[in-house]
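These are my notebook entries on helix packing and on the spaces enclosed by the fold. I set each question down before I looked up its answer.

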Amino acid sequence: MNNEYNLILKLCSFLNSDTEGIKKLLSTHYDAANVLGHLLYNRMGPAAWFVLQASELTSLINREFRNSLQMIYESSQKKADNFRKMLAETAEILNDFDFPYAVLKGARLVYEYPDGLRTSNDLDILINQQDITDLSVRLKSAGYIQGYVRNGKAVPASRKDILSSRLNRGETVPFIKRISENSFNEIDINFSLDYKAKQSSTAVRQLLEEIKPMEIGRGQMLMTLSDADFIIHLCTHLYKEATTYKWVEMGRDLSIYKFSDIYLLLSKYLDKSLSEKLISRIYFCGLQKECYFAIYL
């Protein structure tokens with residue numbers, strides 16, 4: 001492994017920083033632009049800045065490298081704040097739902113990571129397929145439309161797009177809502193763990209049987225998956241994108257931040273009791289292949 005890749009991985013390891021190892025690599029010749037590019041491409045710039053600050057090593061990197069990382073970190077903090085506001089609004093919409101749902105990925109991880117290290121471009125909600133219509137009605141009543149953001153404008157999806165997404169993607173066309181002149185909230189309804197809704201409907205139902213409340217502040221709650229099931233879902237989502245040619249073409253199959261999510265939760269929660277629970281749930285849901293791929297890789 002060359003110096004650049006070694007440095008990138010060490011700067012991404014925000015839980016157990018190798019201060020001496022990073023210091024040594026920073027004292028050698030390395031391509032700062034290459035390292036910075038990989039960190040930003042993999043959405044790990046904020047983590048790198050966090051590690052460098054915590055290790056008191058920011059003075060060892062050149063000004064352009066330092067300013068870029070600091071800027072992306074501060075921007076990420078603001079984005080995380082806005083995302084948490086979106087979650088609070090969503091909690092009001094979902095307050096009295098009488099069917100199981102779980103918020104996924106960034107909606108929980110924004111509270112698990114140190115502030116500013118993890119945010120999200122959208123909110124993913126997992127539900128059973130038969131509950132899509134009920135949730136859609138709620139979102140539309142709250143001002144959301146199904147469609148896409150194109151050149152700063154909300155473009156409603158056609159009926160063909162809506163049906164195609166439900167049949168072929170295991171999720172709905174996004175629900176979007178303008179919140180400022182240049183900003184939109186986006187909610188994705190997921191009802192499958194892959195692109196084959198019928199085949200994974202049983203696994204989704206099994207995951208939704210063990211949801212738990214998650215406090216998001218000011219007495220508000222959202223439902224999310226159990227610790228073991230949340231890890232399982234991260235693994236299946238990573239596997240889904242890594243085995244889809246379109247995502248592989250775009251280079252989204254091996255983004256470091258996706259592995260970072262799994263690294264964080266395994267490091268924080270994987271004691272003996274959760275290890276046993278995780279293994280049990282993986283076999284119960286029939287997701288051995290997906291989880292083996294994500295964790296082994």
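Entry 1. Which elements each supply at least two residues of the lining of the second largest pocket? I worked from a predicted model. I found that α1 (3–12), α12 and α14 (288–296) each do so. Helix α12 provides the largest share of that lining, with six residues. I noted a volume of about 420 Å³ for this second largest pocket. Its lining comprises 13 residues, and Leu9, Ile256, Phe259, Ser260 and Leu297 lie nearest the centre. By class I recorded 11 nonpolar residues, two polar and no charged.

Entry 2. I turned next to the largest pocket, which holds about 1200 Å³ of space. It is lined by 43 residues, of which Asn121, Asp122, Asp124, Glu186 and Asp188 are the closest to its centre. The elements that each give at least two residues to this lining include β3 (145–150), β5 (175–180), β6 (183–190) and α11 (245–249). Helices α5, α10 and α12 are also among them. I recorded 19 charged, 14 nonpolar and 10 polar residues in the lining of the largest pocket.

Entry 3. How do α10 and α12 pack, and at what angle? Helix α10 (residues 227–242) and helix α12 (residues 256–269) meet at about 160°, and their axes are 10 Å apart. An angle over 145 degrees counts as roughly antiparallel, so α10 is roughly antiparallel to α12. The crossing of α10 past α12 is left-handed. On the α10 side I listed Asp227, Phe230, Ile231, Leu234, Cys235, Leu238 and Glu241. On the α12 side I listed Lys258, Phe259, Asp261, Ile262, Leu265, Leu266 and Tyr269. The contact of α10 with α12 has 10 nonpolar and four charged residues, with no polar ones.

Entry 4. I then examined helix α3 (residues 32–41) and helix α5 (residues 63–93), whose axes come within 10 Å and cross at roughly 10°. The two helices are therefore roughly parallel to each other. Ala32, Val35, Leu36, Leu39 and Leu40 of α3 meet Phe65, Ser68, Leu69 and Ile72 of α5. I classed this contact of α3 with α5 as eight nonpolar residues, one polar and no charged.

Entry 5. How many cavities of 30 Å³ or more does a search of the whole structure find? I found one. The largest cavity contains about 50 Å³ of space. Its lining consists of Leu104, Asn190, Ser192, Leu193, His233, His237 and Lys240. Helix α10 gives the most to this lining, with three residues. I counted four polar residues, two nonpolar and one charged in the lining of the largest cavity.

Terms used: Residues are numbered from 1 along each chain as its sequence is written. This is a predicted model: local features need pLDDT of at least 70, side-chain atom pairs count only at pLDDT 80 or more; totals for chains, interfaces and linings use all residues. Side-chain values use heavy atoms; hydrogens and water are left out. Axes are lines fitted to C-alpha atoms, for helices over the stretch in contact, and angles run from 0 to 180 degrees between N-to-C directions. Helices (H or I, at least four residues) and strands (E, at least two) are DSSP runs, numbered from the N terminus. Angles under 35 degrees count as roughly parallel, over 145 as roughly antiparallel, 65 to 115 as roughly perpendicular and the rest as oblique. A crossing is left-handed if the near helix is turned anticlockwise from the far one by less than a right angle, and right-handed if clockwise. Contact means heavy atoms within 4.5 Å. Ala, Val, Leu, Ile, Met, Phe, Trp, Tyr, Cys and Pro count as nonpolar, Asp, Glu, Lys and Arg as charged, and the others, Gly among them, as polar. On a 1 Å grid over the protein atoms alone, a cavity is a set of points where a 1.4 Å probe fits but cannot get out, and a pocket is an open set with protein on both sides within 12 Å along at least five of seven lines; lining residues have an atom within 4 Å of a point. Grid points are joined across faces, edges and corners, and a volume is the space filled by probe spheres set on the points.
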